[in-house]
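Welcome, and please open your viewer. We will go from stop to stop, selecting a few residues each time.

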Amino acid sequence: MVRKETAMRLPPQHRGLEVKIPSFFRCPISLDVMRSPVSLCTGVTYDRASIQRWLDSGNTTCPATMLPLPSTDLVPNLTLRSLIAHWAASAATCSPTAAGGGSAASSVRTSSPASLVRQVAASGADPSPALRGLAAYLSDDDVDDFEKNALVGAGRAAETVASVLRRKGEEETSVESVEAATRVLAAIVASDGIDDANKKRVAAGLAADAPTSAASLARVMRGGSGLEARVAAARLAEFLLANATDEAKAAAAESSELVSELIRIIGPVDEKGTLDGRAVEAGLSCLATICESRRAARAEMVRLGAVPAAVRALRATADPRASARALRVLESAAGCAEGRAALCEGAEEAVPAVVGRMMKAGRDGAEAAVAVLWAVCHRYRDRRAADAAAAAEGGLTRLLLLVQSGCSPAARQMALELLKMYRVNAKSCLAGYDSKTTHIMPF
């Protein structure tokens, strides 16, 4: 058998190094220089990506020793990582291509994550290419979480990228740059491997000028390249509202431009009136967070059309989480006069939608639905809403089920008061109620 010599493959940050590579820097599986060395319980060190693929394939032995693995925990080999990093830096300085200013070494330097952050921070240059590079780096599953956290934290990537959204003036920062920055920050927030402390750097960076950040996110939702970018902007806005200081939350929640775009994102995405599930969930979730963080924003949300948008989403979605959030938005709207007026004006559609999703949106959704019905039908006694509730199919049955469930005392009391609207007789009690269980009427 003839043994062929093969050229050794190097990761991008190590290409162009014309030096001899120490054997213990190589992964026993891939024979590449290890980017993220981790050790098994057998004491053998591998590159994380290679050993993870081995384990994910169903193997239960150590590839080098073939011994059975009582544990598949991967322990970072920080000492070896430091040695490799020091060797790479020294080799890059001493190699002929580095000394001669070759294009390979130049490419390595300009494409490193740290250099991309510096390019974003530089004034006068378009940050879009560097931002797209950072988004790809942070979304790459082969990049070790330790490296990502180091870039976001010590490398100040979060603060630097967030500053793009704080740049004032549409002529100064294009929507393409703002969208690219949004994608980077959304990747940080969505990553399971990024520490919470580093994720909060994103919120702090945006909160440094919350009104401008909110306006930039609204720009992405309005003029972004596609639905994915709009959804990312909505989720980033929710993260800002959930993690910023009270002052920053208030400033972002009071942004009419942001609220208007959030309402638009939960609307139809085509001429046929189709709703996108991801967009509806992201938009409703952010609107619900605004309701919780700033009660004073309710009237403005209603004025911008939050009530019909939430009702439309409630009628169209079958997702319990999205339904619960739509009901929370309607509950918040019912807490102000403008919201109650909007609900009662569209009672023929709104009330049946609320009744229909009452027991299909979890406990929080059910209690929010009861609060909406109680506000418009009982407390303020709007005849249009009361008639729509009495005529809604299954309304009595759902209220009875809620009373007998483990709901809060306040929700139970509201449900009992709503039941008095119905003319209780044998026929109405049995309509749509197939259970053989004997139920005692609560009054």
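The tour visits a sheet, a helix and then some cysteines.

Before you start, note that this is a predicted model, in which local features need pLDDT of at least 70, side-chain atom pairs count only at pLDDT 80 or more, and totals for chains, interfaces and linings use all residues. Residues are numbered from 1 along each chain as its sequence is written, and side-chain values use heavy atoms, leaving out hydrogens and water.

**The sheet.** Select residues 37-39, which form strand E1. Strands here are DSSP runs of E with at least two residues, and helices are runs of H or I with at least four, numbered from the N terminus. E1 belongs to an open sheet of three strands, ordered E2-E1-E3 with antiparallel pairing; two strands pair if DSSP finds at least two bridges between them. Now add the edge strands, E2 (45-47) and E3 (75-76), each of which pairs on one side only.

**The helix.** Next, colour residues 48-56: this is helix H1, which packs on the sheet and touches E1, E2 and E3 (contact means heavy atoms within 4.5 Å).

**One bridge.** Back in the sheet, E1 and E3 pair over two bridges; pick Ser39 and you will find its bridge partner, Val75, in E3.

**The cysteines.** How many disulfides are there? The count is zero, taking a disulfide as a pair of cysteine sulfur atoms within 2.5 Å. Cys62 is in none, and the nearest cysteine sulfur, that of Cys41, is 7.8 Å away. Cys62 is also buried (under 20% relative accessible area), at 0%. Finally, go to Cys377, whose sulfur lies 7.5 Å from the closest cysteine sulfur, in Cys344, too far for a bond. Cys377 is buried as well, at 4% relative accessible area.

Terms used. Axes fitted to C-alpha atoms, helices over the stretch in contact; angles between N-to-C directions. Buried < 20%, exposed > 50% of the residue type's maximum accessible area, 1.4 Å probe, protein only.
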